[in-house]
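Please open the model in a viewer and keep a selection panel at hand. The tour below proceeds stop by stop, naming what to select and what is found there.

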Amino acid sequence: MDKVITLNQTNIPFRSGLFSRLYLTLTLASIVLIWLVSIVGNYTEEKQSLISKEHRNTLLNYALEASDLIDKNNIDQLKKWTENLKRKEDTWVAILKTEPKWLVGNIDTDIFQGISDLTIGRDINYPIHLNFSYNPVMKIPIPDSQYNLMIQLPQHMRPGAYWHVLNTTIRLGFPIILIAIICFIIYRHIINPLKIIQNATQKITQGSFDIDIDESLLYRSDEFGDLSRSFGTMATRIEVLINRQRQLIQDISHELRTPITRIKLILDSEIKTDISHRVEQEIDGMQRLLEDTLTLSWLNNEKTKVLKESIDLTLLLDSICEDARFEFSRDDIVLNIPDSCIIHNSNHRSVGQAFENIVRNALKYTNQGTQIVISMSAERSSDKSKYVNISICDHGFGVEEQYLEEIFEPFFQVDSARDKSQSGFGLGLALTKRQIEAVRGSIYARKNTPSGLCFIINLPYQ
Ligand SMILES: Nc1ncnc2c1ncn2[C@@H]1O[C@H](COP(=O)(O)OP(=O)(O)O)[C@@H](O)[C@H]1O
Ligand SMILES: [Mg+2]
C-alpha cells in the first residue's frame, strides 16, 4: 500500500493519455490494414491473371502444329486445320505474317510489355486483364517461320476463375480479422484495469483495506494509472480514518473505566465522608474527557470551518497568559511579541484553544522558576506569502526526540506525565494540531536548548 501513496503524477516519467494511445493504435492499424490489403490484393491479382502453364503449352503446341503445315507449304491443309481449331476451341483463329518495319532502333520489351511487336495480339506469358469481360487475342509466334498464330483466348483457358471470390475475401476478410484483433487489444487495455479496480472495490466492500493493485497499473501513465493511484490513496486514507476512530473508541472506553471504578470504590468504602466532593471531581474529569473527545472527533471529520474572523494575536496571547499566570500562580512567562499582530480569515476559538493548550502544558510540565518564552515574528514563505511565526519555549524536562511527533496523537502521554496527578488524558496536543490545521496553519515540536520543549506555530496572515 505504501507504494500507492508515494506515487503521484510527478513520479511518472512521461505521461501519455488514453486518447493519444487509442489514436496511435487506430492510426497504425488503419495504415497496416490498407497496406496489407493492397499488397496481398495486388499479388493475388497478378498470380491470378496469368494463363496456366498447361494452357500455355497447349497454345504453343497449336503453333507447332501450324509450323508443320507451313513447312509443307500446304495452305489448304492449314485452312482446314484452322477451321477445326476454331470449332474445337469455339474461338477466333488466324495466321498472321508480321514484318516489323523499324527504321531506327528496335522494340524495347520493357516498354512494350506483353506486345512482341507493334501488331495486335498479346504474349501468352503476360497477365490478362481480369476486369475486362472480353477475351484478348493471343499472338503465338510459329517456330521457324515469319508467321504468328492469332487466337482469341478460349474461354476455358481464361485465368482468374476464383479472382472475384479471392478479391472479396481479401478486401473483407483482412479488415474483419485485423479490426477484431485491435478491438480485443483495446478491450483488454481498458477492461483489465477496470477489473482490478472492481476487485479492489469488492475487497473494500467486504471490509478489507489491504488492497493489492497491480504494479503495472500503478505505473501506467494514462487516466487508468491516475484512477488506480487515487483509488489506492483513498483506500489508505479510509483505512487510517477507520483505524483512528476504532482506536479513539478503545481509548475512551479505557479512560472512562478508571474514574467509574474509582467512583464505585468511593461509594463502597467504609469512610463516607466527603463522598460528594470526590464523586463530583471524577464526574468533572469524565465530562472533560467526553467534551475533548467529541471536539476531536468533530475536528477529524469536519473539514469546513468558519474562517471569517480577524484576530489580534498579541491581545489573544496576552489574555491567555494573564489567565494562566493567575491559575498556576506563576510569574515566569516572558512575552517577546509586537504591540499588535492582526491576522485575517481565521477562527478566534480555534487559535485561542490551541495557544491555551500549549501554554498550560508548558506550565504543567515545568517547575516553578523556569522561564517560558513566547516570541512572535513575521516571516515570508518560499512562495512569498507572509505568515506569522509563534514559538512557545519552556525549560522543563521536555520529551525525548522519538516522541516529538507522537505527542500530537490522541491519548499519547509520555510515561512521566501519566504519573502526575494533575495530568489530563493526552488529548490536548491532538486537539491543538487539528485546531491549527483547521485555520490553515502548521505546528511542530522541537527540543529546546539546553533543556525543555519548543512548539513552533505558523499562521497565515490572510
Ligand atoms: N511542555 C511540555 N514539556 C514536556 N512534555 C510535554 C509538554 N507538552 C506536552 N508534553 C507531553 O506531551 C503529552 C501530550 O500532551 P497533551 O496532549 O497536552 O496531553 P496531556 O497534557 O493531557 O497529558 C503530555 O502527556 C506530555 O507527556
Ligand atoms: Mg495538555
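A polar contact is a pair of N or O atoms within 3.5 Å. With that cut-off in mind, select Q413 together with ligand 1: an oxygen atom of the ligand is 2.7 Å from an N or O atom in the side chain of Q413. The protein buries 97% of the 530 Å² that ligand 1 exposes when taken alone. The model on display is a predicted one.

**Stop 1: the rest of the ligand shell**

Remain at ligand 1 and add Y365 to the selection. An N or O atom in the Y365 side chain is 2.8 Å from an oxygen atom of the ligand. Next, add D394, where the partner on the ligand is a nitrogen atom, 2.8 Å from an N or O atom of the D394 side chain.

Now extend the selection to the whole shell. Ligand 1 is surrounded by 19 residues, and the closest are N361, Y365, D394, Q413 and L429. Colouring the shell by class shows eleven nonpolar, six polar and two charged residues.

Which helices each supply at least two residues of this shell? Select helix 10 (348–364) and helix 12 (428–438), which both do so. The largest share, three residues, comes from helix 10.

**Stop 2: the disulfide**

Select C393 and C454 and display their side chains. The two form a disulfide, with sulfur atoms 1.9 Å apart, and the structure holds one such bond. To see what the pair joins, show the strands: C393 belongs to strand 8 (residues 386–393) and C454 to strand 10 (residues 453–460), so that distant parts of the chain, 61 residues apart, are linked.

Is the disulfide right-handed or left-handed? The torsion about the S-S bond of C393 and C454 is about 115 degrees, and the disulfide is therefore right-handed.

Both cysteines can then be checked for accessibility, where buried means under 20% relative accessible area. C393 counts as buried because its relative accessibility is 10%. C454 is buried as well, with a relative accessible area of 0%.

Two further cysteines merit a selection. C341, at a relative accessible area of 6%, is buried, whereas C183, at 46% relative accessibility, counts as partly exposed.

**Stop 3: two aspartates**

Select D339, in the loop between strand 5 (333–336) and strand 6 (342–346). With a relative accessible area of 78%, D339 is exposed. Add T314 and draw a distance between the C-alpha atoms: the two residues are 6.6 Å apart in space and 25 residues apart in sequence.

Then move to D251, which lies in helix 7 (residues 223–268). Is D251 buried or exposed? D251 is buried, since its relative accessible area is 17%. Leaving aside neighbours within four places in sequence, D251 is in contact with P410 and F411.

**Stop 4: the whole protein**

Finally, clear the selection and view the protein in full. Its secondary structure comes to twelve helices and ten strands. Of its 462 residues, 38% count as buried. Switching to a surface representation displays an accessible surface of about 28,500 Å², of which 55% belongs to carbon and sulfur atoms. For contacts between residues at least 6 apart in sequence, 68% join residues at least 24 apart.

How values were computed: Residues are numbered from 1 along each chain as its sequence is written. Chains are lettered from A and ligands numbered from 1 in the order in which they are written. This is a predicted model: local features need pLDDT of at least 70, side-chain atom pairs count only at pLDDT 80 or more; totals for chains, interfaces and linings use all residues. Side-chain values use heavy atoms; hydrogens and water are left out. A residue is near a molecule or strand if one of its heavy atoms lies within 4 Å of it. A polar contact is a pair of N or O atoms within 3.5 Å; within protein, one must be able to donate a hydrogen and the other to accept it, and residues adjacent in sequence count only if both atoms are side-chain atoms. Accessible areas come from the Shrake-Rupley method with a 1.4 Å probe; for residues, only the protein chains shown count as cover. Helices (H or I, at least four residues) and strands (E, at least two) are DSSP runs, numbered from the N terminus. Ala, Val, Leu, Ile, Met, Phe, Trp, Tyr, Cys and Pro count as nonpolar, Asp, Glu, Lys and Arg as charged, and the others, Gly among them, as polar. Buried means under 20% relative accessible area, exposed over 50%, partly exposed in between (1.4 Å probe, protein chains only). Contact means heavy atoms within 4.5 Å. A disulfide is a pair of cysteine sulfur atoms within 2.5 Å.
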